[in-house]
Structures are given as structure tokens and as C-alpha cells.
Amino acid sequence: MKAFLLDDIDQLRDHLASQRSLFTPQYTEGSTELNWLPLTSKTKSVTTERPLLPTYPAKQFFFPDREILFQFDGSDFKETLPEPEPQILFGVRSCDLCAIAYQDRFFRQDPYYQARRRATLLVGIDCNMPCEGGFCPTVDAGPFVRDGLADLVCHQQQDASWLLMVHTPAGEALIQGLELKAAESHHITRRNKQEQQVAARFPSATHIETGIQRINQAQVPAETWQAMGLQCLTCSGCTNLCPTCSCFTSYDRPVADGFERERCWDSCLYDAFQREASGHNPSATAGQRVERFWFHKFSNEYTKTFDRYGCTGCGRCEKTCPGVIGVHSVMKRISATL
Amino acid sequence: MDTASHNISKITSSICPYCGVGCGIGLRVEQGRITGVEPLANHPVSQGKLCTKGWSTAFAVDPIDRITTPLIKENDTFRPASWDEAYQVITEAFSTAIAEKGADALGIIACARATNEDCYAAQKFARAALGTNNVDHCARICHSPSVAGLRQTLGSGAMTNSIDDIEKADLIVIFGCDPTENHSILGGRIIRAKLAGTKLLVVDPRLTRLARMADLHLQLQLGTNIALINGLLQIIFANGWEATEFLSNRCENEEALRAKVAKYPPERVAAITGVPEEKLIAAARMYTEAECALLTYGMGITQYTTGTNNVISISNLALVAGQIGREGTGINPLRGQNNVQGACDMGALPNVFPGYQEVAAPASREKFAASWQQKLPECKGLTSLGMTKGALSGDVRCMLIMGEDPVVTDPDQHHVQQALAALDLLVVVELVMTETAAMADVILPAAAFSEKAGTFTNCERRVQLIQPAIPAPGEAKPDWQILGGLASRLGYNGMNWESAEAIFNEIAALSPLYQGMSYPKLAANYGLQWPCNEAAPNGTPLLHSKQFSRGKGRLIPVSHADPAEMPDEEYPLFFTTTRLHFHYGCGSMTRKSPLLERETPSGVLFINPADAQALAIRPQTRVRISSRRGEVETRTVITDEVPPGTVAMPYHFKEAPSNRLTNNAQDPVTKMPELKACAVRVTNLEDGTK
């Protein structure tokens with residue numbers, strides 16, 4: 001891995017933006033909401049202050065909320081594979097990068113996802129402090145970016161200057177033309193040490209650890225799931241904002257001369273998600289559906305396929321759940337039973 | 001949709017277009033189209049959360065199926081027309097009606113989903129451009145009794161407290177509503193409060209989600225609210241649990257109320273309501289012992305022939321217990337639409353100008369006549385149901401309906417259809433083809449909330465800004481521009497505003513409640529709660545803290561009365577209407593989402609296991625439901641959510657319109673129809689065939 005020293009991260013960002021369209025988390029105009037938006041002349045300098053995470057992870061860049069799969073005009077089918085412009089996502093946090101790697105596997109054979117993914121280079125950024133509600137160290141997803149999950153990784157050192165790590169040839173090509181001083185091995189050593197210090201600043205997450213054990217040992221009583229199911233208002237917020245959630249449904253929309261098949265994000269918390277044509281539903285109660293959701297996030301069953309849990313510790317579900325059954329609430333309830 | 005890429009171009013901060021909670025929503029724009037929403041993490045009401053309807057907003061405003069040009073009906077089909085031509089047809093018909101029968105032969109239905117600016121324009125159009133007070137909107141069938149009842153007892157018909165107060169209460173009382181279904185983000189805050197130790201008391205004939213979580217559930221018979229509350233008051237007075245000091249300092253007419261409720265001892269009330277005496281006593285104790293008890297209610301109070309009296313009895317209870325005028329207390333009606341509070345505030349009602357200034361008061365008429373440069377009509381106008389009645393009798397000749405679908409949402413569908421068919425001209429301003437729009441002679445294409453600037457007022461009186469995320473499709477325009485253009489054709493030029501902001505400034509100048517507000521101030525504060533004026537420049541989260549709007553709180557004795565139609569031998573079951581979390585109103589927005597549409601069948605009857613067994617009904621059995629007004633066929637869901645003897649249907653589905661069955665009997669004060677109770681017979685259509 002090559003590494004360089006960087007005084008001005010904005011200069012790097014501008015250099016990258018001169019080559020491809022660039023998206024980065026920034027405040028929506030006139031508000032204090034951190035959203036993924038295109039870089040413009042109004043975009044402010046990169047900051048390392050809270051909030052660290054934008055409302056959405058980066059998944060909608062590859063797996064959009066809605067997407068046309070093909071068109072049919074009454075006699076012929078028309079392919080609608082995307083032909084995206086080359087783009088860069090700048091400032092992706094470690095949890096969200098782990099989730100992209102997770103979805104890369106899930107959508108390995110999905111040409112729509114892959115077309116967008118191949119057109120995108122990722123620039124990660126290390127989190128130098130815990131974010132509100134985040135627990136990435138507990139699920140091995142941060143706070144610093146894992147090797148190989150981004151093309152470039154930026155790390156702010158204690159003197160406020162930056163360490164730039166290059167993980168792919170595409171990343172190396174991006175920084176051609178920038179005059180950068182090579183970093184030395186002690187810079188890398190210091191970064192490794194700093195990650196331990198940042199990780200130590202996260203609040204205790206024993207409820208998460210205990211909860212994972214209970215889920216994997218099938219020790220959570222059905223009544224606990226039912227009680228939490230009663231709190232599920234079926235809003236779909238957790239699955240919409242979860243960086244690893246990937247379920248979709250498809251449907252045909254009539255258009256002028258035929259129809260188009262579109263897919264959109266689905267949610268496993270909906271009653272009709274698994275309801276069969278007969279009306280029979282293998283997950284008929286809200287409690288069973290809540291249980292299934294968390295099983296998918298924390299069961300060892302899936303680590304064989306994905307090499308990690310389906311939760312990357314971002315905490316977005318806790319913030320967006322109106323029924324108080326986001327990850328912290330659920331894992332506290334689970335770890336308190338028995 | 002362009003398939004080349006999915007590049008986010010911008011996010012526009014706005015307000016959710018569904019219920020009256022008023023959640024913050026970011027509209028994500030890609031390639032000139034709204035493709036998704038982002039909850040606003042810092043919004044004071046929603047705090048980064050949305051319900052399933054809010055999350056599906058991109059589907060609701062999808063360009064597919066939108067009406068993009070004016071349409072004129074010829075030989076029973078619609079053809080595109082120019083704005084000029086459409087205006088011409090309307091102007092001719094309106095002018096003829098005025099010449100032949102006077103301006104009261106016209107009626108305007110404004111819209112609780114449109115902006116304040118649109119609603120203000122609608123009532124100004126009726127009053128100044130046409131010369132009639134025949135202007136109303138769907139608050140008639142949701143919270144007109146709240147406005148009428150609370151104005152008599154407190155002097156103001158809006159939520160007394162703020163949504164934030166949910167977390168400040170020790171006890172939350174939920175009367176005749178299920179906020180987790182219809183006001184989910186507010187309902188979620190009740191769940192959060194409950195988990196943190198707040199007690200819950202639910203009064204509802206249905207075993208709702210919150211009833212399952214409650215510390216105490218009073219499962220009363222349909223239509224017995226007044227008996228129940230009088231019974232609680234009798235227990236409170238008999239035990240000396242009333243707020244003595246509060247009553248003597250801040251209320252009047254206590255003796256009359258005492259005399260009335262003395263006739264409602266627990267044994268009588270238990271017999272009427274079906275709620276055991278010990279539960280009545282426990283509830284009276286809980287409500288009076290709580291340091292801060294916040295009461296919230298919904299359609300289970302208002303949609304009765306006794307709607308106004310139901311609201312008055314709610315007010316009696318809060319006043320006697322002194323649970324009002326402080327943080328964490330109060331009387332909090334939950335408003336169904338994003339801007340039903342605002343539509344009322346704007347005077348889209350037949351009896352009041354903007355800011356609830358009475359049409360009957362000469363001083364208000366003079367004030368508005370001077371500002372609007374027009375002589376104004378004196379007599380009170382017709383309500384929405386009065387207009388449909390007038391259409392049948394020939395007194396009302398033309399109507400203009402903005403974005404409402406009375407064919408699906410109003411009681412007694414056959415009656416509504418006959419009335420609209422009898423008009424000389426029906427004009428509908430709409431986004432998509434609804435059942436009502438299909439009956440129109442002229443359809444005018446409206447801009448959606450995501451395509452215009454303006455303000456919505458949520459149920460806690462918070463006036464919030466919306467701004468256009470994308471241009472309106474085709475020739476669609478905001479309602480206020482449509483009405484302004486029509487007013488000019490009719491010879492009135494007082495509605496040629498340059499922007500929504502100019503209208504808002506006119507509203508602020510004429511309505512004391514909004515006096516201190518402006519677009520920049522609203523933008524800087526996530527909205528402001530009215531009244532906002534010199535005395536309260538940053539708005540008023542809490543009403544009635546020192547004194548009531550009318551001075552003293554008035555206690556008004558009211559009596560129990562049965563619903564207009566009770567079950568009998570011919571129609572043995574009680575029938576009530578409900579709403580589902582997944583749908584909204586007539587479904588014209590929510591039913592565009594494939595996920596929401598998949599979630600529920602298009603029509604369903606909820607029936608208790610005991611009644612189902614008696615009729616040999618199994619899940620998904622095909623049944624016919626008949627009332628004295630009509631019949632509907634649908635399928636059953638068996639659930640203990642409804643009590644034995646009562647069946648329920650949601651009203652969202654044109655395929656199984658519950659309003660073919662509902663009773664048009666009305667509250668004498670507000671003309672609110674009795675949508676919550678009538679009598680039906682259920683017939684098993686599969687019985688004997690198997």
C-alpha cells in the first residue's frame with residue numbers, strides 16, 4: 001500500500017472532482033441536515049466534526065430506491081441497463097464502506113447494481129471520534145476504514161494534517177498530478193495505534209455483545225419478540241436506512257405503449273412481504289417479522305456468506321425508528337431477558 | 001425515468017403531505033424527478049422519523065397518471081383544452097348561475113391538503129370574487145365539532161398544547177383514536193413516553209395497539225362517550241377529586257354541570273357503556289391524581305350526531321380535573337390532514353373569515369371588505385353537505401371542488417353522486433383522476449405540494465414552509481394561481497398575487513393569529529406556532545396558561561344520546577369506520593405506492609371471532625354488508641380488535657366504499673355526519689355453497 005502526506009484535503013477533493021462527478025455528504029442548503037449531494041461551488045470544506053454520518057448510507061448510489069428493469073412496448077422487450085457516468089463518492093465512513101462490500105457480494109450477479117458500482121470510485125475517511133449511537137468497533141466495522149474497502153482512504157493525524165492511503169490502481173490513477181510527499185512507516189503505525197484509542201472512546205456496548213449471543217443461542221423468548229412486534233409501526237424506516245438491507249420487489253407500470261417493470265426497495269417488516277397468494281403467511285405476526293430482521297443482522301448463519309454480520313454499527317435504525325425498536329433498544333431488551 | 005444514471009441533484013426540505021403531525025421530509029430530486037425522501041434528523045416534531053406513508057411520498061407525486069392540462073368533458077369523455085377555453089366554460093356557467101339564482105347558487109370546496117395560501121385564495125374567491133359564503137372543506141367531516149365545541153368552552157378550537165408535551169406528561173389519555181396508525185410519529189412518541197414510565201389510559205371501543213399497551217383500557221360501547229365522561233365526572237365530584245382551586249378561579253357554570261352529572265352514577269354508566277364500575281373509578285382516579293395528564297382524541301369523539309357535545313364533555317373533564325393550561329396537559333385533537341388546521345385558520349368555512357373572525361360580525365365584514373375592495377355577503381354560507389343537499393334541490397347550480405374526493409369520503413355515496421350529477425357545472429381541481437373528478441365537467445390540473453411554495457399548519461398550530469422541489473408537470477399550476485386567473489375572468493382583480501409569499505403577507509396582515517409571521521421567520525425556526533404576534537413574537541407552544549381565550553373556561557352540561565341508528569332485528573350489528581396505517585383518505589396518493597397497495601386488500605371488513613363464528617365466517621370469506629342506504633361486498637378479517645357486535649371497515653377503497661353504508665344523520669351544530677356508527681347486516685356469501 002502506498003501512502004502520502006496531505007496538507008489540504010479540500011485540494012484533494014477538488015482534484016478528484018476535476019476528473020469525475022463527485023458526491024459528498026454536506027448540509028442541504030438552508031438546513032442542518034447532512035445528506036449525500038453533488039459537490040458544488042457552495043460545498044463547504046471537509047470537516048471532521050459531528051455529525052459524522054449522513055442521513056442515508058451510500059447504498060442508493062448502486063441500489064436506487066426505484067429502478068426500471070426493462071420496458072415492453074407490446075411486441076419487444078427493451079433492455080434498460082444503466083450507463084452511469086464515472087463518479088466518486090468522497091468521504092464514505094468505515095461502517096458504510098463495510099456495508100458496500102457486503103452489498104457487493106449480495107448483488108454480485110445483478111447487472112444493474114454492478115454497472116453503477118463499476119462506475120464508482122470510493123474515497124473513505126477515518127472517524128476520529130465516536131458518532132452518536134454508533135458502535136462500529138463492536139461489529140468489526142470501524143472506526144477506521146478497513147484495507148481494501150475503498151480506493152483511497154483519508155486519515156486526519158493528530159496535527160490536523162492528513163495521511164492519504166492508496167488501495168487500488170484506480171485510486172492511484174486518481175491522484176496523478178498531485179504533488180504529494182510519501183508517508184513513512186511510522187505514520188501508518190501511529191494510525192493503527194490511534195484507532196485503538198478512538199475505539200476505546202465508544203460507550204459500552206455489552207448489550208450488543210450479549211444480544212448477539214442470545215440471538216445465536218436462540219435464547220430470546222417469543223414473548224419478547226411479540227412485545228417488540230407490537231411496537232413495530234411498519235414504517236420501513238429501518239430497512240430504508242440500513243446500509244446492508246437489500247430487499248426489493250418489482251411490479252409492472254403501464255406506460256403509453258405497454259409497460260415497464262420497475263423495482264423498488266421493500267421491507268421485511270411488511271405483512272405482505274412474505275404473504276403467499278393463498279393468504280398464508282410464514283411470518284404472520286409482527287413479532288416474527290421483527291425477529292427475522294434482527295436474525296438477519298446478527299446471526300452467524302450469514303457470516304459464512306458475507307464474512308461479517310449484517311449490521312455495521314451505524315445506529316441509523318435507532319434514530320429513525322418511531323416505535324423505539326432500533327438496534328440499541330432491541331439489544332437492551334434482549335440482553336435483559338432470561 | 002432516465003435510465004442512464006441516478007445522480008442526486010438536490011434535496012429540498014419540505015413537510016410531509018399526509019397527516020396533521022407535520023413531519024420534516026427532504027425530497028430527493030434526481031433527473032428532475034422526485035425519487036425518494038430523506039427524513040429530517042433535526043426536525044422538532046419528527047426527529048428523523050417518518051411513517052410508511054411519508055416514506056412512500058415519491059410514489060404519491062409520481063408523474064405517472066398526473067393530469068397535466070385542463071380537461072373538458074364532451075360526450076362523456078374528457079378532451080384536453082387550453083386554460084383559456086376551460087376558464088371560458090367556467091365563467092359562462094358561473095355567470096349564468098349568478099344571474100339566474102344569485103351567488104349563493106355557487107359552492108366552493110377548499111382542500112385540507114392544499115396550502116394555507118391556496119385555502120385563503122379559495123375563501124377569498126368565494127367571498128370577494130363570487131359573493132357567497134358557500135365555502136367549506138373536509139374539516140366538516142373530521143374536526144368541525146372540535147372547532148365548535150372548544151370555541152364554546154375555551155374560546156379556541158385547536159390543540160391546546162404541543163407535541164413535545166407528550167414526553168412531559170405523567171398520564172396520557174387517548175380517546176377514540178389510534179395515533180400509532182394514523183398519526184404514527186406522534187403515536188411513536190406516546191410509545192416512547194410509555195416505555196419511559198408514563199401511564200396510558202385508552203378509551204376506545206376497539207382493542208387498538210395502544211389499548212394493548214395501556215395501563216387501563218375502557219372498552220366502551222360505540223357512541224357512549226358522553227355517558228362515560230359524565231360518569232367519570234360524577235365519580236370525581238362524589239369523591240372530592242376535582243381541582244377545587246382551578247374550578248373556582250378559572251371556570252364558570254360548575255353547579256349546572258354538577259347537577260347534570262349527578263344523574264350518571266357508576267351503575268347507570270356501566271350499564272350504558274359496558275365498562276365495569278371499578279374501571280370507571282380507576283380511570284377517574286388516574287386522571288385526577290396525575291400531576292400532568294395530557295388528553296388526546298380523534299374521530300371517535302367527533303364523528304357522531306353528538307359530536308359537538310362529545311367535545312364539550314371532553315372539555316368538561318379536563319377543566320374539572322384542572323388538566324389544562326400547563327405543560328404536559330391539555331386537550332389535543334389530532335388533525336387528520338397535513339393542513340386541516342390551516343384550512344380552518346384560513347376561513348375556508350362558511351361562517352368565519354381568516355383567523356376565525358365571524359362573518360356575522362359587521363366589524364369583521366367591514367375589515368375584510370375594506371382590504372379586499374369588495375362588498376361582502378352577509379348571510380352564513382352552506383356547509384359541504386349543505387351544498388350537496390342544495391345541488392339536489394336545485395338551489396346550488398355549480399360547484400368547484402379543490403383536491404377532495406367526496407364521492408369516496410363523504411357519507412351516503414349514492415346521495416353524493418346524485419347531487420353532483422344534478423349540477424349545471426362541476427369543476428374539479430386535481431392531481432389525478434379521482435372518482436369525483438370523473439364526474440366533473442371541467443378538470444383543472446393542480447401542482448402537487450412538491451411543486452409549489454406555501455405553508456402548512458400542523459395539529460399543534462405550527463405553521464411550516466414548503467418549497468418547490470421540481471416544476472409542476474405540463475400546464476399544472478398552484479390552486480391559488482388557478483383561482484386568481486378565474487377571479488380575473490369574473491371581473492375581480494384582487495387575487496393577482498405575484499407569489500405565495502405575497503398571499504402569506506396578506507394573511508398575516510388580516511389574521512391576528514398569524515400577524516407576527518413571515519416566510520424568513522418561519523424558515524429560521526422550523527415554523528412557528530400560532531398565535532404569533534407582538535405579544536408572542538416566537539409563537540405560542542401552550543394555550544390558555546393564564547386565562548382561556550374566552551376568559552373563563554365554561555362548563556356546559558350535556559346529556560347522553562344514542563347514535564341516530566341503533567342495531568335492531570333487521571340490521572343487528574353496529575358498523576363503524578376506521579383508517580389504516582397504510583392508506584390516507586380516498587387513497588389517491590397512497591394507492592400509487594406498490595408497497596402500500598400490496599399491504600392491504602382493496603376493501604376489508606373487520607369482525608370479531610364471536611360474530612364470525614355465528615355467521616360461519618372464516619378469514620377472507622366473501623360477505624355482503626347492507627345498511628338502510630346501500631350495500632357493499634368485500635372480504636373478512638377476523639380480529640379481536642373489534643368487540644363482539646361491532647364490525648368495522650376502512651373508508652379508503654373505492655372498490656368497497658364504506659360510505660355506501662354510512663349514515664348521513666348529522667350533528668345539529670356542525671352538520672358533522674355520523675360516520676362512526678350505524679346499523680348493518682352481514683351476509684355470508686359463501687355460506688351454503690361449500
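The area buried between domain 1 and domain 2 of chain A is about 3,000 Å² in this predicted model. Carbon and sulfur atoms give 59% of that area. Domain 1 of chain A covers residues 2–200. Domain 2 of chain A is assigned in two segments, 206–261 and 268–336. The C-alpha centres of the two domains lie 26 Å apart. In residue terms, 34 residues of domain 1 of chain A are in contact with 38 residues of domain 2 of chain A.

Polar and charged pairs also span the interface. Between domain 1 and domain 2 of chain A, 21 residue pairs are in polar contact, with both residues at pLDDT 80 or more. Two salt bridges are found across this interface. A salt bridge joins the side chains of A:Asp307 and A:Arg105, with an N to O distance of 3.1 Å. By the domain bounds, A:Arg105 belongs to domain 1 and A:Asp307 to domain 2. A:Arg105 also falls within helix H2 (94–106) of chain A.

On the side of domain 1 of chain A that touches domain 2 of chain A, strand S4 (66–72) and helix H2 (94–106) each supply at least two residues. H2(A) gives the largest share, eight residues. By residue class, this side of domain 1 of chain A divides into 19 nonpolar, seven polar and eight charged residues. The interface of the two domains thus combines a buried area to which carbon and sulfur atoms give 59% with 21 residue pairs in polar contact and two salt bridges.

Notes: Residues are numbered from 1 along each chain as its sequence is written. Chains are lettered from A and ligands numbered from 1 in the order in which they are written. This is a predicted model: local features need pLDDT of at least 70, side-chain atom pairs count only at pLDDT 80 or more; totals for chains, interfaces and linings use all residues. Side-chain values use heavy atoms; hydrogens and water are left out. Domain bounds come from an automatic or database domain assignment. Contact means heavy atoms within 4.5 Å. Buried area is the accessible area (1.4 Å probe) that two parts lose on being put together, summed over both. A salt bridge is a side-chain nitrogen of Lys or Arg within 4 Å of a carboxyl oxygen of Asp or Glu. A polar contact is a pair of N or O atoms within 3.5 Å; within protein, one must be able to donate a hydrogen and the other to accept it, and residues adjacent in sequence count only if both atoms are side-chain atoms. Helices (H or I, at least four residues) and strands (E, at least two) are DSSP runs, numbered from the N terminus. Ala, Val, Leu, Ile, Met, Phe, Trp, Tyr, Cys and Pro count as nonpolar, Asp, Glu, Lys and Arg as charged, and the others, Gly among them, as polar.
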